[in-house]
Amino acid sequence: MAQTRLIFFSVIILALSSCGQTYRWEKAAMDSSRTGCTAATADNVKSALGQMNEDGSYLSPSGVLFPEESATAKVASIVLHAQPHMADVKKVIAQSEEYMPNELKENRLSNWFVDIIMNKVSSLSGKKIDVGICNFGGIRVGMPEGDVMLDDIKSMFPFKNYLVYLELTGKQLRDIFEKMASGKFQAIGGVRIDVADGKIVKAEIGGKPIDDDRLYSVATISFLLKGGDGLYLSEGAANLKNYDVAIVDAVLEYVGALTAQGKSIKGSDVVHVTIK
């Protein structure tokens with residue numbers, strides 16, 4: 001859906017800029033009220049996006065006929081001709097029980113994501129993972145309700161960031177969480193933190209107070225090792241291991257396994273951080 005919208009958006013800009021006229025720029029919600037278009041999968045292009053007629057006119061899903069010379073027909077022609085080339089990513093690969101927006105704060109989608117990373121790094125390392133640290137900004141779009149296409153997951157995790165295992169002391173983790181508490185938290189798992197007035201008043205890992213002297217197993221991503229989102233997780237880390245497994249591939253593997261079991265995607269409502 002994100003790619004389809006981007007194509008519409010880009011073509012409209014090109015069409016307007018080539019007309020030699022002056023236009024006023026406004027933001028508007030794309031609610032498909034004129035055409036009735038919806039997100040197309042590999043199997044429902046005609047019902048979702050309409051069709052081009054032999055005379056160059058465009059028949060929209062809402063039944064409105066746009067003549068060949070109209071901007072709508074010209075844009076629709078480009079989008080419809082692109083669909084066969086996008087068929088692979090438009091395949092429905094899963095079902096989601098709910099719509100989950102991507103937000104720059106703890107949410108059901110970010111918790112779902114961190115859990116996947118922790119479980120996959122545990123499998124790769126052969127060790128129980130105590131803490132997961134990822135970033136909200138790495139989730140670029142939300143999870144749709146109902147049909148989930150390959151395009152949705154690829155758009156959700158478009159960056160070539162890879163899974164990492166490392167070990168940090170409780171003191172190092174405490175310092176990381178204190179820095180987050182004074183600024184902004186990222187997506188975390190395996191912990192329970194209470195914050196008041198920018199300070200941590202309670203910090204637990206696995207239901208127990210953080211032990212400053214203990215080494216904890218951490219699952220994270222390569223982007224956060226050397227300054228991504230202000231984090232330098234590799235500094236002072238022990239037993240750091242980089243895995244040649246991209247985030248999107250780990251998520252797709254998990255989603256594929258869910259689908260094979262006849263299960264749907266469902267977010268996690270576990271609360272890791274409470275800020276007062």
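This is a conversation about a predicted model of a protein chain and the terms used to describe it.

Student: Let's start with the overall fold. What makes up the secondary structure of the protein chain?

Tutor: The protein chain has seven helices and 14 strands. Of its 276 residues, 43% count as buried. Among contacts with a separation of 6 or more, 71% are between residues 24 or more positions apart.

Student: Now a single residue. Why is Gln83 called buried?

Tutor: Buried means under 20% relative accessible area. Gln83 has a relative accessible area of 4%, so Gln83 is buried. You will find Gln83 in the loop between helix 3 (71-82) and strand 4 (92-96).

Student: Which residues is Gln83 in contact with, leaving aside its neighbours within four places in sequence?

Tutor: They are Ala40, Val45, Leu49 and Lys90. Lys90 is a good one to follow up.

Student: Happy to! How do you know that Lys90 and Asp151 meet in a salt bridge?

Tutor: The rule asks for a side-chain nitrogen of Lys or Arg within 4 Å of a carboxyl oxygen of Asp or Glu. For Lys90 and Asp151 the N to O distance is 3.4 Å, and the pair therefore meets the rule. Lys90 lies in the loop between helix 3 and strand 4, and Asp151 in helix 5 (residues 150-156), so the pair ties together parts that are 61 residues apart in sequence.

Student: Are Lys90 and Asp151 buried or exposed?

Tutor: Both Lys90 and Asp151 are buried. Side chains of opposite charge can pair when their charged atoms come close.

Student: What makes Asp269 and Arg108 a salt bridge?

Tutor: Here the closest N and O atoms are 3.6 Å apart, and the cut-off is 4 Å. The pair therefore qualifies. Asp269 lies in the loop between helix 7 (247-260) and strand 14 (273-275), while Arg108 belongs to helix 4 (residues 108-125), so this salt bridge ties together parts that are 161 residues apart in sequence.

Student: Why is Asp269 called exposed, and why is Arg108 called partly exposed?

Tutor: Exposed means over 50%, buried means under 20%, and partly exposed is in between. Asp269 has 57% relative accessibility, so Asp269 counts as exposed. Arg108 has a relative accessible area of 26%, so Arg108 is partly exposed. These two residues are also linked with Glu98 in a network of salt bridges.

Student: How do you know that Lys171 and Asp175 are separated by about one helical turn?

Tutor: They are four residues apart in helix 6 (residues 170-182), which means a separation of about one helical turn. Their side chains meet in a salt bridge, with an N to O distance of 2.9 Å. Lys171 has a relative accessible area of 41%, so Lys171 is partly exposed. Asp175 has 40%, so Asp175 is partly exposed too.

Student: How many salt bridges does the count come to?

Tutor: The count comes to twelve salt bridges.

Student: Last topic: the empty space. How many cavities of 30 Å³ or more does the structure hold?

Tutor: The structure holds one. The largest cavity has about 40 Å³ of space.

Student: Which residues line the largest cavity, and what makes the lining five nonpolar and three polar?

Tutor: The lining is Asn135, Gly138, Phe157, Pro158, Phe159, Asn161, Ile221 and Ile247. Phe, Pro and Ile count as nonpolar, and Gly counts as polar. The lining therefore divides into five nonpolar, three polar and no charged residues.

Note on methods. Residues are numbered from 1 along each chain as its sequence is written. This is a predicted model: local features need pLDDT of at least 70, side-chain atom pairs count only at pLDDT 80 or more; totals for chains, interfaces and linings use all residues. Side-chain values use heavy atoms; hydrogens and water are left out. Helices (H or I, at least four residues) and strands (E, at least two) are DSSP runs, numbered from the N terminus. Buried means under 20% relative accessible area, exposed over 50%, partly exposed in between (1.4 Å probe, protein chains only). Contact means heavy atoms within 4.5 Å. On a 1 Å grid over the protein atoms alone, a cavity is a set of points where a 1.4 Å probe fits but cannot get out, and a pocket is an open set with protein on both sides within 12 Å along at least five of seven lines; lining residues have an atom within 4 Å of a point. Grid points are joined across faces, edges and corners, and a volume is the space filled by probe spheres set on the points.
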